Amino acid sequence: MVMGSKEKGDNLLDPVKVGVLGLGTVGGGTVNLLERNRDEITRRAGRPIDVVRAAARHPARPRTCSTENIHLDYDAYAVVDDPSIEIVVELIGGETLAKELILRAIDNGKHVVTANKALIALHGNEIFSRAREKGVTIGFEAAVAGGIPIIKAVREGLVGNRIEWLAGIINGTSNFILTEMLYAGRAFGDVLAEAQRLGYAEADPTFDVEGVDAAHKLTILASIAFGIPLQFDKVFMEGIGQISTDDVAYASELGFRIKHLGICRREGDGIGLRVHPTLLPERQLLANVDGVMNAVMVNADPLGPTLYYGAGAGAEPTASAVVADLVDVVREFTLEPENRVPYLAFQSHSLSDEPVVGMDAVETAYYLRVEAQDEPGVLADITGILSNAGISIEAVIQKQPAPGAETVPVILLTHRVREARMNEACERIEALEAIHGSITRIRVEALL
Ligand code: HSE
């Protein structure tokens with residue numbers, strides 16, 4: 001019998017026993033939340049939910065939660081092998097140990113709740129397949145956009161819709177950095193150090209600034225939006241490292257905000273999966289999501305656009321998502337596996353092999369910043385190359401040179417063009433003698 005599948009006659013009000021792997025920020029928040037809202041949660045789940053056992057690398061360390069009723073030690077395997085535990089909550093992060101523990105928990109017939117976006121994005125296909133064989137549930141709401149119930153919204157709330165595209169601010173650290181660059185004119189490195197101090201950034205902050213964290217989350221969102229297998233390796237990834245405070249200011253002069261977006265969209269021959277800095281018209285709701293907040297916009301037929309906004313990180317928001325999954329698992333105890341909500345929203349035998357298209361095929365408008373010698377004919381050369389490539393220009397600004405600078409920044413906004421064509425034009429512009437360095441290129445989306 002699968003753990004937690006109650007036989008008729010069992011006492012359905014027995015507390016559900018939960019084991020937690022990792023009792024850090026989110027683990028502590030989850031224990032506190034289960035305690036604080038215990039009555040409400042029990043009324044919703046139908047049974048009390050008790051964390052009875054936990055594993056932490058340093059069990060003696062002070063905790064943010066009470067461990068009075070929790071058997072806490074360092075042995076994570078003892079938690080997943082404990083026959084009394086019905087649900088394992090994995091909050092240790094990383095890929096190797098977390099994967100081994102989750103697969104072992106599944107083999108032991110336990111349901112799993114995890115906040116581990118990297119693990120689901122990279123190994124989710126294998127984990128779901130094993131879980132399906134064993135008839136257990138895997139909850140991963142906390143893996144994407146923290147407390148925003150975006151998995152539930154897309155997987156269940158939009159079940160009658162065909163999703164056209166989804167675009168989201170899904171890395172709070174990048175959003176915090178871009179917001180501080182805009183409103184306080186602060187330099188990138190400064191703000192990143194603050195994001196690390198405040199605990200928003202990943203253990204390895206290059207995951208935030210290079211777009212890896214957002215790509216993990218987009219991989220998961222794309223699968224539940226389009227019913228395709230998880231394909232992290234196909235996501236085009238660009239972080240915010242190349243964005244300067246000048247770019248943020250120039251974009252603002254042109255009526256845009258720069259946001260780091262994850263976008264998945266039907267692109268004609270397939271599905272485009274990409275994360276990159278993006279200029280958004282400043283009137284767009286998404287353009288006004290600031291600080292560490294996350295937001296995901298979904299355009300679906302017949303509903304049209306909807307926007308989901310909230311805290312994308314932190315102990316309590318993430319705990320909110322973990323507890324939501326715990327309650328779902330408890331509610332599903334009495335359901336046969338084939339009647340449960342499918343892990344990736346679509347029935348496993350109905351996943352589509354629709355291809356993920358390469359970036360060359362994606363069409364967007366562009367912001368280009370070119371550093372050019374201030375001499376006659378340079379602007380004409382640049383616009384000539386764009387015009388010969390059939391790329392139409394929407395706006396041009398030439399800024400004053402900085403004191404002592406050899407070059408002036410020239411900023412161009414183009415109309416929509418295929419990425420491949422823009423690549424060729426940029427190569428030709430960069431080859432001009434009067435152009436210094438590489439072009440800073442930021443994609444522009446109206447999200448209509
Ligand atoms: N480092 C992540 C972020 C934490 O900044 O959004 C939440 O996944």
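Student: As I understand it, strands are DSSP runs of E with at least two residues, numbered from the N terminus. Where is the place of P302, then?

Tutor: This is a predicted model, and in it P302 sits in the loop between β11 (293–301) and β12 (304–311).

Student: What kind of peptide bond joins D301 and P302?

Tutor: The bond joining D301 and P302 is cis, with an omega of about 15°. As a general background, most peptide bonds are trans.

Student: Let's move to the ligand. Which residues are around the ligand?

Tutor: The surrounding residues are K117, N171, G172, T173, Y200, A201, E202, D208, D213, K217, G312 and A313. By type, this shell divides into three nonpolar, four polar and five charged residues.

Student: Which helices each supply at least two residues of that shell?

Tutor: Helices α7 (172–183) and α10 (212–226) each supply at least two residues of the shell around the ligand.

Student: And how far is the side chain of D208 from a nitrogen atom of the ligand?

Tutor: An N or O atom in the side chain of D208 is 2.8 Å from a nitrogen atom of the ligand. On the oxygen side, a polar side-chain atom of K217 lies 2.8 Å from an oxygen atom of the ligand. The side chain of N171 has an N or O atom 3.4 Å from a ligand oxygen atom.

Student: How much of the ligand does the protein bury?

Tutor: Taken alone, the ligand exposes 250 Å², and the protein buries 90% of that.

Student: Back to α7 for a moment. Is T179 buried or exposed?

Tutor: T179, which lies in helix α7, is buried because its relative accessible area is 9%, under the 20% cut-off.

Student: What is T179 in contact with, leaving aside its neighbours within four places in sequence?

Tutor: With those neighbours left aside, T179 is in contact with A184, K259, D290 and G291.

Student: New topic: cysteines. What does the count of disulfides come to?

Tutor: The count of disulfides comes to zero. As for individual cysteines, C65 counts as buried at 8% relative accessibility, and C426 is buried with a relative accessible area of 2%.

Student: Now the backbone. What is odd about the phi of A345?

Tutor: A345 is not a glycine, yet its phi is positive, at about 75°. In general, most residues other than glycine have a negative phi. L447 is a further case: its phi is positive, about 55°, although it is not a glycine.

Student: Where are they? Let's start with A345.

Tutor: A345 is found in the loop between α12 (315–332) and β13 (363–373), and it counts as buried at 17% relative accessibility. L447 lies in the segment after β17 (435–444) and is buried, with a relative accessible area of 5%.

Student: One last residue. Why does A389 count as buried?

Tutor: A389 counts as buried because its relative accessibility is 19%, and the cut-off for buried is under 20%. A389 is found in the loop between α13 (378–388) and β14 (393–398). Leaving aside its neighbours within four places in sequence, A389 is in contact with R421 and A425.

Student: How many residues apart in sequence are A389 and E100?

Tutor: A389 and E100 are 289 residues apart in sequence, and in space their C-alpha atoms are 52 Å apart.

Methods
Residues numbered from 1 in each chain as written. Predicted model: local features only at pLDDT ≥ 70, side-chain atom pairs only at ≥ 80, totals over all residues. Heavy atoms only, no water. Near = heavy atom within 4 Å. Polar contact = N/O pair within 3.5 Å; in protein donor to acceptor, adjacent residues only side chain to side chain. Areas by Shrake-Rupley, 256 points an atom, 1.4 Å probe, with all protein chains shown as cover. Helix = DSSP H or I, 4+ residues; strand = E, 2+ residues; numbered from the N terminus. Nonpolar A, V, L, I, M, F, W, Y, C, P; charged D, E, K, R; others polar. Disulfide = S-S within 2.5 Å. Buried < 20%, exposed > 50% of the residue type's maximum accessible area, 1.4 Å probe, protein only. Contact = heavy atoms within 4.5 Å.
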